[in-house]
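Student: I am new to this structure and would like a close look at a single part of it, namely the salt bridges. Please take your time, and then set that part in its surroundings.

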Amino acid sequence: MKKLTAVVLTGALALALAGCGGTDAAVTPTATPLPEDVMDQPATPPEGETSTPEGGTADTAQPVPADPDAELAEMVDKIYEAYPVELMMPTTSALDLSDESWLTYNAGLTLEQGELVDAGVLSESMTGSQAYSLVLLRLKDAADAQTVADAMLENINPAKWVCVMANVQRVVAFDDKVLYVMANTELVDVDALVDALPDALGVSYTLDERSESAV
């Protein structure tokens with residue numbers, strides 16, 4: 001299983017490095033180091049089973065990755081219907097709220113802040129060479145939206161990929177949801193995407209924050 005995972009990751013890395021060819025030589029984004037256990041993540045075993053890393057015990061077994069939350073995944077689909085985003089190998093996956101290294105890497109949250117979240121999904125390109133990320137969270141209490149949104153905007157690294165960097169970040173809150181989107185403007189117009197959602201989803205933003213940086 002680890003060999004299969006390594007092959008998949010190596011292929012994605014190769015695609016990512018291939019995407020560096022068009023990068024301006026003057027721009028050298030610093031990628032966030034991947035969580036240390038990335039190479040220990042097993043391929044998904046048959047449903048209902050767990051996968052134990054080579055040499056591991058039952059205590060270190062990795063659980064079967066959970067399917068994305070149905071409500072949040074459906075909302076992501078509606079977002080892309082309202083504003084289509086062209087990505088290579090796009091995927092929407094569940095956020096693991098119990099693994100702090102991955103939670104911080106993908107959502108900018110600590111485990112303590114993750115306790116405020118009921119469920120979350122991540123939507124990105126699997127190649128890792130496209131500067132785009134969407135994170136949608138459902139909170140246990142809508143009153144915590146400001147705390148979560150601030151942490152995401154402050155801690156998610158827009159240069160977390162191998163050789164590309166997002167230059168616009170925007171986070172909004174509505175109902176009990178927090179939506180964070182970052183991208184390079186040459187790939188996705190973050191503002192157009194976020195501005196299309198109130199009508200598409202029938203919601204009103206109670207919080208709207210934005211950050212922009214040079215690339």
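Tutor: A helix here is a DSSP run of type H or I with at least four residues, and helices are numbered from the N terminus. With that in hand, please keep in mind that the model is a predicted one, so that every value below was computed from it. The protein chain holds 7 helices and 6 strands, and read along the sequence these follow the pattern α-α-β-α-α-β-β-α-β-β-α-α-β.

We can begin inside one helix. Lys78 and Glu74 are joined by a salt bridge, with 3.9 Å from N to O, and because these two residues stand 4 places apart in helix α2, about one helical turn separates them. Lys78 has a relative accessible area of 39% and is therefore partly exposed, and Glu74, with 47%, is partly exposed as well.

A second salt bridge reaches out of helix α2. Glu71 pairs with Lys177, their closest N and O atoms lying 3.1 Å apart, and this pair links distant parts of the chain, since Glu71 belongs to helix α2 and Lys177 to strand β5, 106 residues away. The two partners do not share a level of cover: Glu71 has 35% relative accessibility and counts as partly exposed, whereas Lys177, at 5%, counts as buried because buried means under 20% relative accessible area.

Lys177 also forms a salt bridge with Asp176, where the closest N and O atoms are 2.7 Å apart, and Asp176 itself, at 25% relative accessibility, is partly exposed. Salt bridges with shared partners go on to join Asp69, Glu71, Asp118, Arg138, Asp176 and Lys177 into one network. Counted over the whole structure, there are 13 salt bridges.

From here we can move to the surroundings, starting with helix α5, which spans residues 145-155 and has Ala145, Val148, Ala149, Ala151, Met152 and Leu153 among its buried residues. The buried residues of α5 pack against several elements, including strand β5 (177-183), strand β3 (132-139) and strand β4 (168-174), as well as helix α3 (100-107). Strand β5 is thus a meeting point in this account, as it holds Lys177 and is also packed against by α5.

Strand β6 is another of the elements that the buried residues of α5 pack against, and Ser211 lies in this strand, which covers residues 207-212. Leaving aside residues up to four places away in sequence, Ser211 touches Leu153, Asn167, Val168 and Gln169. The C-alpha atoms of Ser211 and Glu154 are separated by 9.3 Å, although their positions lie 57 residues apart along the chain. With a relative accessibility of 26%, Ser211 counts as partly exposed.

Aromatic side chains add to the picture, for the structure holds 2 aromatic pairs. In one of them, Trp102 and Tyr105 have ring centres 5.8 Å apart and planes at 85°, so the pair is edge-to-face. These two residues are 3 apart in helix α3, which means about one helical turn between them, and both are buried. In the other pair, the ring centres of Phe174 and Tyr205 are 6.1 Å apart with the planes at 45°, so this pair is tilted. Because Phe174 is in strand β4 and Tyr205 is in the loop between α7 (197-201) and β6, the pair ties together parts that are 31 residues apart in sequence. Phe174, at 1% relative accessibility, is buried, while Tyr205, at 21%, is partly exposed. Charge meets ring at Tyr105 too, where Lys160 lies over the face, at 4.9 Å from the ring centre.

On the surface, Met88, Met89 and Met126 make a nonpolar patch of about 300 Å². Met89 sits in the loop between α2 (70-82) and β1 (90-94), and with 44% relative accessibility it counts as partly exposed.

Finally, a word on the chain as a whole. Of its 215 residues, 43% are buried, and its accessible surface comes to about 11,100 Å², with 52% of this belonging to carbon and sulfur atoms. Among contacts between residues at least 6 apart in sequence, 68% join residues at least 24 apart, and the salt bridge between Glu71 and Lys177 likewise links distant parts of the chain.

Technical notes: Residues are numbered from 1 along each chain as its sequence is written. This is a predicted model: local features need pLDDT of at least 70, side-chain atom pairs count only at pLDDT 80 or more; totals for chains, interfaces and linings use all residues. Side-chain values use heavy atoms; hydrogens and water are left out. Buried means under 20% relative accessible area, exposed over 50%, partly exposed in between (1.4 Å probe, protein chains only). Contact means heavy atoms within 4.5 Å. Patches are made of residues with over 30% relative accessible area and no salt bridge: like charges are joined within 9 Å, nonpolar side chains (Val, Leu, Ile, Met, Phe, Trp, Tyr) within 5 Å. Accessible areas come from the Shrake-Rupley method with a 1.4 Å probe; for residues, only the protein chains shown count as cover. A salt bridge is a side-chain nitrogen of Lys or Arg within 4 Å of a carboxyl oxygen of Asp or Glu. Rings of Phe, Tyr and Trp (its six-membered ring) pair if their centres lie within 6.5 Å; planes under 30 degrees apart count as stacked, over 60 as edge-to-face and the rest as tilted. A charge sits over a ring if NZ of Lys or CZ of Arg is within 6 Å of the ring centre and within 35 degrees of the ring normal.
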